[in-house]
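Here is a short report on the packing and polar pairs in one protein chain. Keep the structure in view while reading.

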Amino acid sequence: MRVAYPSAFLAMLVEGALRGLPLPAVMFAGAALLAAAKALKWWAILALGPSWTFRVITVRRSTLVRSGPYAYCRHPNYVAVIGELVGVAIMTGAWLAGPLATLGFGLLIRQRLTVEERALDAINPTT
């Protein structure tokens, strides 16, 4: 994920530079989606507080965070990541790299969710 995340954005930026930028209204729509996704990501991180980390780490007897965006969605950070990818794809006009990067990263997120859900079930078996 550490390599795939920045690589996805780089691929979209390169494609956008090669193709030429889309219409300003399209760029604005992509930028708006990117900004909304970033806001959701930061809201999720702030809601987790000191429990937030890049790695999957569980602490015994900890409780699930159910405030902030976690009151509405179990994994808002990943929703935000997909939003970031789609927003940049639209903003740069990366009509090939954008969908491919989003699909590829979505598959990585799916694997990561399996690991996270197992870890969460181990400390909170009734969730």
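Which residues are linked in a network of salt bridges? They are Lys 38, Lys 41 and Glu 84. This is a predicted model, and every value below is computed from it.

## The salt-bridge network

Start with Glu 84. This residue pairs with Lys 38 in a salt bridge, with the closest N and O atoms 3.0 Å apart. Glu 84 sits in helix H3, while Lys 38 sits in helix H2 (residues 24-48), so the bridge ties together parts that are 46 residues apart in sequence. Lys 41 also reaches Glu 84, and these side chains meet in a salt bridge at 3.1 Å, N to O. Lys 41 belongs to helix H2 and Glu 84 to helix H3, so here the parts tied together are 43 residues apart in sequence.

Burial varies across the three residues. Glu 84 is buried, and its relative accessible area is 0%. Lys 41 is buried too, at 12%. Lys 38 is partly exposed, at 33%. The cut-off for buried is under 20% relative accessible area, so Lys 41 at 12% counts as buried, and Lys 38 at 33% does not.

## A pair within H4

The search of the whole structure finds five salt bridges. One of them joins Glu 116 and Arg 112, whose closest N and O atoms are 3.0 Å apart. The two residues are four apart in helix H4, so about one helical turn separates them. Glu 116 and Arg 112 are both buried.

## His 75 and its surroundings

His 75 is placed in the loop between H2 and H3. Is His 75 buried or exposed? His 75 is buried, with a relative accessible area of 15%.

Its side chain makes a polar contact with the side chain of Glu 117, at 2.5 Å. Setting aside neighbours within four places in sequence, His 75 is in contact with Leu 113, Glu 116, Glu 117 and Leu 120. Glu 116 is thus a shared point: this residue touches His 75 and forms the salt bridge with Arg 112.

## Helix H3

H3 has 17 residues. From first C-alpha to last, H3 reaches 24 Å, close to the 24 Å expected at 1.5 Å a residue. How many of the residues of H3 are buried? The count is 12 of the 17, so H3 is largely enclosed by the rest of the structure.

The buried residues of H3 include Pro 76, Asn 77, Tyr 78, Val 81, Leu 85, Val 88 and Thr 92. Glu 84 is also among them. The buried residues of H3 pack against H1, H2 and H4. Gly 93 follows H3, and its phi is positive, near 70 degrees.

## Helix H1

H1 has 16 residues and reaches 22 Å from its first C-alpha to its last, close to the 22 Å expected at 1.5 Å a residue. Which residues of H1 are buried? They are Ala 8, Phe 9, Met 12, Glu 15 and Gly 16. These residues cover an arc of only 125 degrees around the axis, so they lie on the same side of H1. Leu 10, Ala 17 and Leu 18 are exposed on the other side.

The cover over the buried residues of H1 includes H3 and H4. Phe 9 shows contacts of this kind in detail. Not counting residues up to four places away in sequence, Phe 9 touches Glu 84, Leu 85 and Val 88. Gly 20 comes just after H1 and takes a positive phi of about 95 degrees.

## The nonpolar core

The largest nonpolar core holds 14 residues. Those touching the most other members are Phe 9, Met 12, Val 81, Leu 85, Val 88, Phe 105 and Ile 109. Helix H1 (4-19), helix H3 (76-92) and helix H4 (97-123) each give two or more residues to this core. Which element gives the largest share? H3 does, with five residues.

## Reading the pieces together

H3 recurs in these results. H3 gives the largest share of the core, and its buried residues pack against H1, H2 and H4. Glu 84 recurs as well. This buried residue is linked with Lys 38 and Lys 41 in the network, and Phe 9 touches Glu 84.

Conventions:
Residues are numbered from 1 along each chain as its sequence is written. This is a predicted model: local features need pLDDT of at least 70, side-chain atom pairs count only at pLDDT 80 or more; totals for chains, interfaces and linings use all residues. Side-chain values use heavy atoms; hydrogens and water are left out. A nonpolar core is a set of buried Ala, Val, Leu, Ile, Met, Phe, Trp, Tyr and Cys residues joined through side-chain atoms within 4.5 Å. Buried means under 20% relative accessible area, exposed over 50%, partly exposed in between (1.4 Å probe, protein chains only). Contact means heavy atoms within 4.5 Å. The expected span of a helix is 1.5 Å times one less than its number of residues. The arc is that of the directions from the helix axis to the C-beta atoms. A salt bridge is a side-chain nitrogen of Lys or Arg within 4 Å of a carboxyl oxygen of Asp or Glu. A polar contact is a pair of N or O atoms within 3.5 Å; within protein, one must be able to donate a hydrogen and the other to accept it, and residues adjacent in sequence count only if both atoms are side-chain atoms.
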